[in-house]
Amino acid sequence: MDPNSPPASRGPAPIAAPIDPYYTNEKGGGSIFKKILFLVIAIVLLVLVIVGGVFLAGKLQSNSKPKDVTLKYWGLWDDATVMQPIIADFERTHPHTKIQYEKQDIKGLGQYVDRLATRINKGDGPDIVRFHSSWTLQLKNYLLPFPQSLVTDTKIDSDYYKTVQRDMKVNGAYYGIPLGIDTLALFVNTQALESKGLAIPQDWNDIYIKYATELVVKDQNGKIVTPSISLGTYDNISHASDIVSLLLLQNGADLKDLSGSSKESAYDAMKFYAAFASGEKAVWDATLDNSTLAFAKGNLPLYFGYSWDIFSIKALNPSLQFQVVKVPKLAGRNNTVASYWAEGVTSKTKNSKEAFEFLKYLSKPETLQKLYQTQSKVRLFGTLYPRRSMAPLLSSNNLVYPFVEQADDAQSTYFSSDTYDGENGMITQMNVYMGNAVRSVNNNTSADSAIDTLAKGVAQVLSRY
């Protein structure tokens, strides 16, 4: 017997355990089931990673691609044919932004501010809107304040006339930027002055004492045949509210508080204005033609107007020879009145970034130049540049340069004429009070009383805003 064999007393050899078909003893053993399970999980994870990667890549690509945007732009005075070259240049460099320009009939339809507010509140108003320099306060709740980047990029704080910085800013924020500027100036019929040997008037004392009396023509009964200057009344003088404002400003009155500490200045200015249509020395009256028509006919030597009045005058009388000069001074002050239009972004636009980008483009000097050139193809001249640095570009045009030459001494007022903001508009209501004040003085009410009533009206209107 083999000594290594177990003794017989140890019993029979143990029976081997049955083999589980799902297990194997290869290489130390392991589970086939576990390996298959791990493989399935790995495949699923790999698929999820691939699908997730594809989705994320698509998402990133989608986010990096600019969305297509259409901006609705309400303009006022320029036809689409004038604005289209400007818009086309912008769209070429901003292919995902389209500008839909709509010229509004502000004169024919009226109620412009009400219509604008209604459309904005309904959510179907314009993204970009043109508004008058005197409307900023009444429209600020319908406009977005400018981001600081736009203020910096446009140089509105430094290169634009001071009146823009006052008019467009409310509580430290800008709400609009103009494409042009305009100021009240004196139009002179050069032939009429030369016939009397008179030079261009420099101050109001000369006008009242000398020019008004020497240039007026009356019949034997004292009735005015040819007036000398359009001052004194309200309803037949273009820009009467602006002219009264001019005298108030130059005499040191506070237009927001006419009955305050500067009330004596306001009283004197109103008396001075009304004197041109009062008594035997009157040089203007309520029976005469509208002042623009009278000047165009050659029947009025001295007239106050804005640059756009030139278009009307030339249309009425292309051969009329006249000169435009700065307004006369009073008490050493050479203030004048500004009246212009600006562009703003409405409060409910869904595309403010693109809208502000368009305003930035519109305000560039090269864009303003192109706009001026395009406008000059359809009228005598374009919109006068709102930037100080661009004033020299107009210096060779003697007809329009005086308007920008005095622009830094200009100020918008709440009595701007021809803004067409509607019967419920702030400026229209202000001018109702101004008109009543002038008429009451013409009807022998004291200037002091008229100004006090006007001051109450101004305070009442401003309290709504």
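Which residue in β15 does P178 stand opposite? In this predicted model, the residue facing P178 is A342 of β15. The two strands concerned, β8 and β15 (residues 341-345), run antiparallel and are joined by 2 bridges.

This pairing belongs to a wider arrangement. An open sheet is built from 5 strands with mixed pairing, and reading across it gives the order β4-β3-β5-β15-β8. Its edges are formed by β4 (97-103) and β8 (177-178), each of which pairs on one side only. In general, strands of a sheet pair through backbone hydrogen bonds, in either a parallel or an antiparallel manner.

Two helices that pack on the sheet complete the view. Helix α2 (residues 80-93) touches β3 (69-75) and β4, and its direction makes about 170° with that of β4. Helix α14 (residues 352-362) also packs on the sheet, with contacts to β3, β4, β5 (128-132), β8 and β15. The direction of α14 makes about 55° with that of β3.

Within β15, it is worth pausing at E343. Is this residue buried or exposed? E343 counts as buried because its relative accessible area is 0%, against a cut-off of under 20% for burial. Its side chain is joined to that of Y73 by a polar contact of 2.6 Å. Leaving aside residues up to four places away in sequence, E343 touches a set of residues that includes I128, V129, R130 and F131, as well as F146 and Y175. Also among the residues touched by E343 are G176, I177, L179 and L359.

Technical notes:
Residues are numbered from 1 along each chain as its sequence is written. This is a predicted model: local features need pLDDT of at least 70, side-chain atom pairs count only at pLDDT 80 or more; totals for chains, interfaces and linings use all residues. Side-chain values use heavy atoms; hydrogens and water are left out. Two strands pair if DSSP finds at least two bridges between them. Helices (H or I, at least four residues) and strands (E, at least two) are DSSP runs, numbered from the N terminus. Contact means heavy atoms within 4.5 Å. Axes are lines fitted to C-alpha atoms, for helices over the stretch in contact, and angles run from 0 to 180 degrees between N-to-C directions. Buried means under 20% relative accessible area, exposed over 50%, partly exposed in between (1.4 Å probe, protein chains only). A polar contact is a pair of N or O atoms within 3.5 Å; within protein, one must be able to donate a hydrogen and the other to accept it, and residues adjacent in sequence count only if both atoms are side-chain atoms.
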